[in-house]
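Subject: Structure for your review

Dear colleague,

Please find below the structure that I am handing over to you. A description of what was found in it follows, and I would ask you to read the two side by side.

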Amino acid sequence: MDVRVRYAPSPTGLQHIGGIRTALYNYFFARSQGGKFILRVEDTDRERYSDESLEDLYSTLDWLGIKWDEGPVVGGPCGPYIQSERFDIYKQYAQQLVKEGKAYYCYCSAERLEALRKEQTESKSEYQGYDRHCANLTDEERAEYERQGIKPVIRFRVPTEGKTTFHDILMGDISRRNRDISPDPIILKSDGFPTYHLANVIDDHLMGITHIMRAQEWIPSGPLHVLLYQAFGWEIPQYCHLPMVMGKDRQKLSKRHGSTAVRDFRAKGYLPEAIINYVALVGWSLDGSTEFFTREELEKCFTLSGIHKSPAIFDYKKLDWFNGQYIRACSDERLVSLIVPYLQEAGFVHDPMTEEESSKVAALVKPAKERMKVLSDIVPLSAFIFRDEPVTDKSVYIAKGSDEEKTVKALSEGSRILISGLKEGKAQAQIEEELAALSTALEIKVNGVFQPIRVAITNSAVSLPLFDSIELLGLDEAERRLCRGLSILEEK
RNA sequence: GGUUCCUUCGUCUAAUGGUUAGGACAGGAGAUUCUCAGUCUCUAAAUAGGGGUUCGAUUCCCCUAGGAACUACCA
């Protein structure tokens with residue numbers, strides 16, 4: 001049987017790490033099995049729905065390079081793939097269950113349910129949930145409610161006896177006594193829209209889904225879904241509940257742990273390949289030692305058996321490390337194209353760049369490459385080239401082990417060696433040697449000479465290497481800044 | 001509270017009856033270099049606890065403890 005899996009998010013928020021991990025696992029599993037990956041939009045909650053979320057879904061998957069075989073935009077034989085466009089299907093199936101006595105209309109008000117819930121929690125009653133008030137209404141009672149214009153919901157009759165078991169590929173058999181399943185959950189809301197449980201079961205069946213891979217938070221509703229499949233007389237798909245992604249505090253990963261929206265990671269300058277690589281490894285491993293995977297490799301080697309059972313904490317630091325690795329693996333050309341938007345946003349270069357700017361950026365990439373964890377790091381790293389905010393605090397110029405007097409000498413003499421050396425076209429190594437000799441003469445460390453020079457030129461104690469910086473700045477500008485640095489130091 | 005699931009270094013994980021319990025990130029130390037990075041080397045760090053089964057348990061079983069998820073006209 002051909003594998004058919006789906007990612008079925010609800011467009012009620014931005015795509016986050018947890019969601020995208022589920023998408024990735026489904027996608028990789030489908031590809032590795034030569035099956036189909038289907039995207040379905042579960043937009044049955046029209047109160048929380050937003051267009052922005054839907055756009056974010058498409059753009060995020062697109063950015064990650066995840067292509068769906070069937071779904072919105074691309075279509076497919078089981079469409080439509082947006083649940084709000086399948087309104088009538090759900091209604092029809094829900095009514096079928098009512099007709100067969102497997103579901104019933106309920107006219108209870110939100111107020112009554114609220115009061116019921118409150119009473120149950122206050123009395124610490126063991127019994128939680130709906131009291132099946134409308135389970136056995138007579139035709140007369142129903143007619144009366146209808147006359148009052150009350151819009152009913154449809155509730156699914158859950159057996160009170162027996163237990164329901166389903167098999168999970170990872171977890172094994174999971175069973176629950178039927179009396180512990182939420183009593184008679186709503187499957188069709190009063191606005192005519194289905195709830196998740198109904199729509200999900202119907203669509204998974206109609207779309208021929210063979211494996212349901214979703215987060216472990218769905219385990220508790222597994223038995224209910226099985227009951228629904230049985231009520232319809234449908235074959236139950238295979239279940240594979242994925243471990244949750246947690247924050248540092250071991251709670252479900254959420255905004256308070258930092259950025260979780262993929263869009264935010266993208267904006268900060270994380271590369272899609274780093275996100276894919278790291279996220280794939282949160283809850284899955286191939287062999288415990290391979291750590292670099294391209295999307296294409298994962299499409300081949302992903303296995304269900306490599307998925308871990310226990311929840312995993314999302315480690316931002318390790319993501320940073322992966323991102324740094326991928327940045328360093330970028331070609332200079334690609335890195336330039338990735339960096340330019342950040343420079344433009346900072347107002348450092350024009351859009352489009354002038355010729356001078358683009359040659360500067362091309363030169364910038366080399367020394368900056370190994371200093372970046374995220375693309376946005378390029379802004380502080382390159383600010384000295386495009387802006388000039390001199391350091392006026394003298395102590396910044398003075399290296400450890402040196403003092404003000406020696407620093408003044410180092411800067412004035414060092415500048416002379418440097419500038420004349422460069423003008424004469426001396427080799428970098430030669431100039432370095434002369435600067436080192438100066439430091440020996442002054443009885444300070446080599447950095448005692450380099451530091452004031454670098455601070456004067458790059459306006460920072462932490463910067464790109466000196467000779468790269470001068471090249472980026474131009475010799476004239478470098479000379480100007482050196483003079484100014486000296487005058488700052490000599491000021492009383 | 002009830003139900004269900006989970007438990008190897010701080011973190012992600014490997015090892016499914018026999019290993020000095022391996023790798024990676026983070027941490028520490030060192031080397032390199034003009035700072036910062038990067039790179040390289042070294043280092044510390046774990047089988048939650050208690051019972052079984054077995055010649056032998058990280059691995060199988062039970063109990064305890066801890067954690068998580070769910071318990072909506074949200075998904």
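I begin with strand E2 (residues 36-39), which is covered on both faces: Lys36 and Ile38 are buried on one side, and Phe37 and Leu39 are buried on the other. Please bear in mind that the model is a predicted one. The arrangement of these four residues follows a general pattern: in a regular strand, side chains alternate between the two faces of the sheet.

Strand E2 has a partner. Strand E1 (residues 4-7) pairs with E2 in the parallel sense, over 4 bridges, and Val5 stands opposite Phe37 of E2. Together with helix H1, these two strands make a right-handed β-α-β unit.

The nonpolar interior comes next. The largest nonpolar core has 95 residues, and the members that touch the most others are Leu24, Ala94, Ile275, Val279 and Ile339. Helix H1 (residues 17-32) supplies the largest share of this core, with 9 residues. A second core, separate from this one, holds 20 residues, including Ile398, Leu418, Val455 and Ile470. If one sets aside residues up to four places away in sequence, Ile339 touches Val361, Val365, Leu375 and Ile378.

Why is helix H9 (residues 272-280) described as largely enclosed by the rest of the structure? The reason is that 8 of its 9 residues are buried. These are Glu273, Ala274, Ile275, Ile276, Asn277, Tyr278, Val279 and Ala280. The buried residues of H9 pack against H1, helix H2 (51-64), helix H8 (262-268), helix H10 (295-301) and helix H11 (316-329).

Ser358, in helix H13 (residues 355-369), offers a contrast to study. Ser358 has 15 other C-beta atoms within 10 Å, so it is partly exposed. Its C-alpha lies 8.8 Å from that of Val336, although the two residues are 22 apart in sequence.

Finally, I turn to RNA strand B. It is surrounded by 68 residues, of which the closest are Ser10, Glu217, Gly288, Ser310 and Pro465. By class, the surface near RNA strand B comprises 24 nonpolar, 22 polar and 22 charged residues. Several elements each supply at least two residues of this surface, among them helix H4 (110-122), strand E6 (172-177) and helix H19 (466-473). The largest share, 5 residues, comes from H18, a helix that spans residues 446-458.

Yours sincerely,
A colleague

Note on methods:
Residues are numbered from 1 along each chain as its sequence is written. Chains are lettered from A and ligands numbered from 1 in the order in which they are written. This is a predicted model: local features need pLDDT of at least 70, side-chain atom pairs count only at pLDDT 80 or more; totals for chains, interfaces and linings use all residues. A nonpolar core is a set of buried Ala, Val, Leu, Ile, Met, Phe, Trp, Tyr and Cys residues joined through C-beta atoms within 7 Å. A residue is buried if 20 or more other C-beta atoms lie within 10 Å of its own, exposed if 12 or fewer, and partly exposed in between; C-beta atoms are placed from the backbone. Two residues are in contact if their C-beta atoms, placed from the backbone, lie within 7 Å. Two strands pair if DSSP finds at least two bridges between them. A crossover is right-handed if, with the strands pointing away from the viewer, the path from the first strand over the helix to the second runs clockwise. A residue is near a molecule or strand if its C-beta atom, placed from the backbone, lies within 6 Å of it. Ala, Val, Leu, Ile, Met, Phe, Trp, Tyr, Cys and Pro count as nonpolar, Asp, Glu, Lys and Arg as charged, and the others, Gly among them, as polar.
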